[in-house]
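User: I would like to go through a structure by question and answer. Please give the reasoning before each result.

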Amino acid sequence: MMQPTTAMPDDGNTLFPIVLSLVAAAATGVLWAYANPIQLVPGVIQWRIFAFLPPLIGILLGARSGFICGYLGTIVWSLLAGTFIPAHSLIVDGIMVGLTGLVPGLLFNPDRTQFNRATLVKIALVCLVVGLVMVAIVSASLAYLGIFPYWWAVFYLGLSDIVPMLIGTPMLVVPALKILKSAHSSGFTRF
């Protein structure tokens, strides 16, 4: 059993999670652009092994922090990867990936959550559902723009994003929480 408390609500320090979410967003974009060694569709879609970062940041630092990580991470990635499409990247892809960080952050607060096996399964299920919604909408946007056929995009984007979120988020939330608590023991307000 883990003691539930990362943030101390009466502390009022929201600068820490905001700054950390911006750093995580930049790291997410760079990792997505340059650290995806497994090519699902060579030169087009890689297995995003770091797709767990937005939901993990959302749970640890707060829903808005998770959204920032996912949204800005998508923008950084698309610019670095040369796949930036203004309407798609800024509106559809950015917002939907941001939601993969926002929703888990709304549902799991370390102050009120015991991260036992049942909770970790719930985290995986939430990542599955929000990932499926994200993939369906992003695939529709890509199909509408004539970039990929819808079901083709659903299959490959699902492999690319959902699998790492399902595995990485529940597996890393407890160790990341311990690291976060030791690094910022005075507490902070989730953002």
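**Burial, rings and cysteines**

Analyst: Serine 141 has a relative accessibility of 12%, so this residue counts as buried; buried means under 20% relative accessible area, exposed over 50%, and partly exposed in between, with a 1.4 Å probe and protein chains only. This is a predicted model, in which local features need pLDDT of at least 70, side-chain atom pairs count only at pLDDT 80 or more, and totals for chains, interfaces and linings use all residues. Residues are numbered from 1 along each chain as its sequence is written, and side-chain values use heavy atoms, with hydrogens and water left out.

User: In which helix does serine 141 lie?

Analyst: Helices (H or I, at least four residues) and strands (E, at least two) are DSSP runs, numbered from the N terminus. Serine 141 falls within the run of residues 117-144, which is helix H5.

User: Leaving aside neighbours within four places in sequence, which residues is serine 141 in contact with?

Analyst: Contact means heavy atoms within 4.5 Å. With neighbours within four places in sequence set aside, the contacts of serine 141 are His88 and Val92.

User: What kind of aromatic pair do phenylalanine 155 and tyrosine 156 form?

Analyst: Rings of Phe, Tyr and Trp (its six-membered ring) pair if their centres lie within 6.5 Å; planes under 30 degrees apart count as stacked, over 60 as edge-to-face and the rest as tilted. A search of the whole structure gives six aromatic pairs. One of them joins phenylalanine 50 and phenylalanine 52, which are tilted, at 6.0 Å centre to centre and 45° between the planes. For phenylalanine 155 and tyrosine 156, the centres are 4.9 Å apart and the planes are at 80°, so the pair is edge-to-face.

User: Is phenylalanine 52 buried or exposed?

Analyst: Phenylalanine 50 has 22% relative accessibility and therefore counts as partly exposed. Phenylalanine 52 has a relative accessible area of 11%, so this residue is buried.

User: Over which ring does the charged end of arginine 64 sit?

Analyst: A charge sits over a ring if NZ of Lys or CZ of Arg is within 6 Å of the ring centre and within 35 degrees of the ring normal. The charged end of arginine 64 is 4.3 Å from the centre of the ring of phenylalanine 191.

User: Why is there no bond between the sulfur of cysteine 69 and the closest cysteine sulfur, and how far apart are they?

Analyst: A disulfide is a pair of cysteine sulfur atoms within 2.5 Å. The whole structure has zero disulfides. The closest cysteine sulfur to that of cysteine 69 belongs to cysteine 127, and it is too far for a bond because the distance is 12 Å.
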